[in-house]
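Got your viewer open? Load the model, switch to cartoon, and keep the selection box handy.

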Amino acid sequence: MEPLQSLLSLYQNTDQVLREFLPGQTVSQLYNVVYYDETDDMMYLGDHIVLVSKQTGLVEDKGKCIKITDDTVTLKHPRCNLCYVKTDYYLFLRHRRKTNKDKRMMFQELLKQL
């Protein structure tokens, strides 16, 4: 059961609506992350993900994404890796920062094109 489903279907700005109606303890943990919408955004390996339960509205887990399938996402943990079904959670992403190696590869590809 998803209590916010009917409310989210009325609005287009899902991120702002979720931040308004989720519990305060959850909203305080959603600093510097954005709501993941499959139609607009891309999820990449290495992204930091916050999973919020659709049933309770509380933060279920946080972690680094190491595997993405059509219906699940796997987060890295110190002892084991945990898989979660995407449809059971609201996903919030903090995209990984570009490292010098990423920038170097980007510029190399640009030079090849010129």
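What follows is a walk from the whole chain down to single residues.

**Before you click**

This is a predicted model, so a few ground rules: local features need pLDDT of at least 70 and side-chain atom pairs count only at pLDDT 80 or more, while totals for chains, interfaces and linings use all residues. Residues are numbered from 1 along each chain as its sequence is written, and side-chain values use heavy atoms, with hydrogens and water left out.

**Stop 1: the whole chain**

Start with everything in cartoon. You should find 4 helices and 6 strands, with helices (H or I, at least four residues) and strands (E, at least two) taken as DSSP runs and numbered from the N terminus. Reading from the N terminus, the order is α-α-α-β-β-β-β-β-β-α. Along the principal axes, the C-alpha atoms fill a box of roughly 50 × 35 × 25 Å. Colour by accessibility next: of the 114 residues, 31% are buried. Buried here means under 20% relative accessible area, exposed means over 50%, and partly exposed is in between (1.4 Å probe, protein chains only). If you draw a contact map (contact: heavy atoms within 4.5 Å), 47% of the contacts with a separation of 6 or more join residues 24 or more positions apart.

**Stop 2: the sheet**

Now hide the helices. The 6 strands make an open antiparallel sheet, ordered β1-β6-β2-β3-β4-β5; two strands pair if DSSP finds at least two bridges between them. Which strands stand at the edges? They are β1 (34-35) and β5, each with a single partner strand, so one side of each has no neighbour in the sheet.

Walk across from β1. It runs antiparallel to β6 with 2 bridges, and Y35 has F92 in β6 as its bridge partner. Next, select β2 (48-53): it pairs with β6 over 6 bridges, and L51 stands opposite L91 in β6. On β2's pairing with β3 (residues 59-68) there are 5 bridges, where L51 has D61 as its partner. These two strands form a hairpin with 5 residues between them, and G57 in the turn has a positive phi of about 80°. Is β2 mostly covered or mostly open? Mostly covered: 5 of its 6 residues are buried.

**Stop 3: the far edge**

Select β4 (residues 72-76) and β5. They are joined by 5 antiparallel bridges and form a hairpin with 4 residues between them. Zoom in on V85, in β5 (residues 81-85), which has T72 opposite it. At 36% relative accessibility, V85 counts as partly exposed. Leaving out residues up to four places away in sequence, V85 touches D71 and T72. Draw a distance to D70, too: the C-alpha atoms are 9.4 Å apart, for 15 residues along the chain.

**Stop 4: the cores**

In soluble globular proteins, nonpolar side chains tend to be buried together. Show sticks for L4, L18, L30, V52, Y90 and F92: these have the most contacts inside the largest nonpolar core, which has 13 residues. (A nonpolar core is a set of buried Ala, Val, Leu, Ile, Met, Phe, Trp, Tyr and Cys residues joined through side-chain atoms within 4.5 Å.) At least two residues of this core come from each of α1 (5-10), α2, β2 and β6. Another core lies apart from it, with 11 residues, among them Y36, I49, C65 and V73.

Then click Y90. Beyond its neighbours within four places in sequence, Y90's contacts include E2, L4, L8, L18, Y35 and V52.

**Stop 5: the largest pocket**

Switch on a surface. The largest pocket has a volume of about 390 Å³. The search uses a 1 Å grid over the protein atoms alone: a pocket is an open set of points where a 1.4 Å probe fits, with protein on both sides within 12 Å along at least five of seven lines, and lining residues have an atom within 4 Å of a point. Points are joined across faces, edges and corners, and the volume is the space filled by probe spheres set on them. Of the 20 lining residues, select T14, Y35, Y36, D37 and E38, the closest to the centre. The elements giving two or more residues to the lining are α2 (14-21) and β6 (89-94).

**Last stop: N32**

Find N32 in the loop between α3 (24-27) and β1. Its phi is near 65°, a positive value in a residue other than glycine. N32 is exposed, with a relative accessible area of 54%.
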